Amino acid sequence: RLLETDLRKALANREFELYFQPQVNVRANEIGGYETLLRWRHPERGTISPGDFIPVAEDIGLIAPLGDWVLEQACMVATGWPKHIKVAVNLSPVQFRNKTLVQSVSRALSRSGLAPERLELEITESVLLQDNELTVATLHQLRRMGVRIAMDDFGTGYSSLSYLRSFPFDKIKIDQSFVRELSSRADCLAIVRSIAGLGASLGMSTVAEGVETEDQFHQITAAGCTEVQGFYFGKPKPASELVHTLTANR
Ligand code: G
Ligand code: G
Ligand code: MN
Ligand code: NA
């Protein structure tokens, strides 16, 4: 496959770039962190979304070196931000199958000098589907290092609630599909409100993803989510374009 051949060369050719999207802390009314989102600037095809190349990278054994690069770069960039701002990095389930994940995270922290508490790792439910005991042990090891763990795309997989029981996550990220349908479906608001309440009782923060409008923002905060993320507060941007204060459309 063409993509595959190009992908193998992309890391050495420095074709990857990190974008960052703000996560706004509702109570403090300030940016509390950024989610790192990987982009591939293909020399001929232009920018390619991770949704299109991450699965290929997983197939051809490239996700480990690519993931390591993302971790280290993201930590490096974050050291230049105000100290209260965290950085979130998405992890592929395949990175959990490699025994070297803990080592990769600790290397990224030591090379960058970033305080572990400022790094948050986002995992999806599919991570917990595989080899559960080993995965949970790895998560505990990461937590002992001081790193935070977030459950991504919450509400989209199978038996989400049982996964909440398997590990004490720091954060729940409510999938954007719930936010998108807030205005058209009353049940979505009820679901978001319940997840926010669940998070509060479990001592986990809750982020609503995909907030695009003022209306959605008001509904989400009224529902009790502690953080919001979405185009309303900022699209993903390269590190050089970040402004750490809320200049959003409100
Ligand atoms: O930014 P965008 O919406 O195109 O991202 C699409 C998907 O790619 C999202 O599900 C996101 O979690 C995932 N993604 C973005 N960056 C990374 C990354 O660095 N590593 C992994 N494993 N997934 C990523
Ligand atoms: O799966 P994950 O949550 O990691 O992916 C986040 C993806 O959602 C990113 O690719 C990002 O570009 C996208 N995204 C972030 N905010 C919004 C938004 O407000 N609207 C839409 N449609 N997509 C968003
Ligand atoms: Mn994510
Ligand atoms: Na998500």
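**Entry 1: helix 3 against helix 5.** I looked up how these two helices lie in this predicted model. I found helix 3 (residues 63-78) and helix 5 (residues 101-112) packed at an angle of about 30°, with an axis separation of 9 Å. Angles under 35 degrees count as roughly parallel, and I therefore entered helix 3 and helix 5 as roughly parallel to each other. I noted the crossing of helix 3 past helix 5 as right-handed.

**Entry 2: residues at that contact.** I then listed the partners. On the helix 3 side I recorded Asp-68, Leu-71, Glu-72, Cys-75 and Met-76. They meet Ser-104, Val-105, Ala-108, Leu-109, Arg-111 and Ser-112 of helix 5. By class, I have 6 nonpolar, 2 polar and 3 charged residues for the contact of helix 3 with helix 5.

**Entry 3: the shell around ligand 1.** I next asked which residues are around ligand 1. I obtained Leu-37, Leu-38, Ser-49, Pro-50, Gly-51, Ile-54, Val-70, Asn-90, Leu-91 and Ser-92. Two elements give two or more residues to this shell, namely strand 2 (30-42) and helix 2 (50-59). I credited helix 2 with the largest share, 3 residues. I sorted the shell around ligand 1 into 6 nonpolar and 4 polar residues, and I found no charged residue in that shell.

**Entry 4: confidence.** I checked the scores of the prediction last. The protein has an average pLDDT of 94, and 98% of the residues reach at least 70. I copied down an ipTM of 0.96 and a pTM of 0.96 for the model.

How values were computed: Residues numbered from 1 in each chain as written. Chains lettered and ligands numbered in written order. Predicted model: local features only at pLDDT ≥ 70, side-chain atom pairs only at ≥ 80, totals over all residues. Near = placed C-beta within 6 Å. Helix = DSSP H or I, 4+ residues; strand = E, 2+ residues; numbered from the N terminus. Nonpolar A, V, L, I, M, F, W, Y, C, P; charged D, E, K, R; others polar. pLDDT = per-residue confidence, 0-100. Axes fitted to C-alpha atoms, helices over the stretch in contact; angles between N-to-C directions. Parallel < 35°, antiparallel > 145°, perpendicular 65-115°, else oblique. Left-handed = near helix turned anticlockwise from the far one by under 90°. Contact = placed C-beta atoms within 7 Å.
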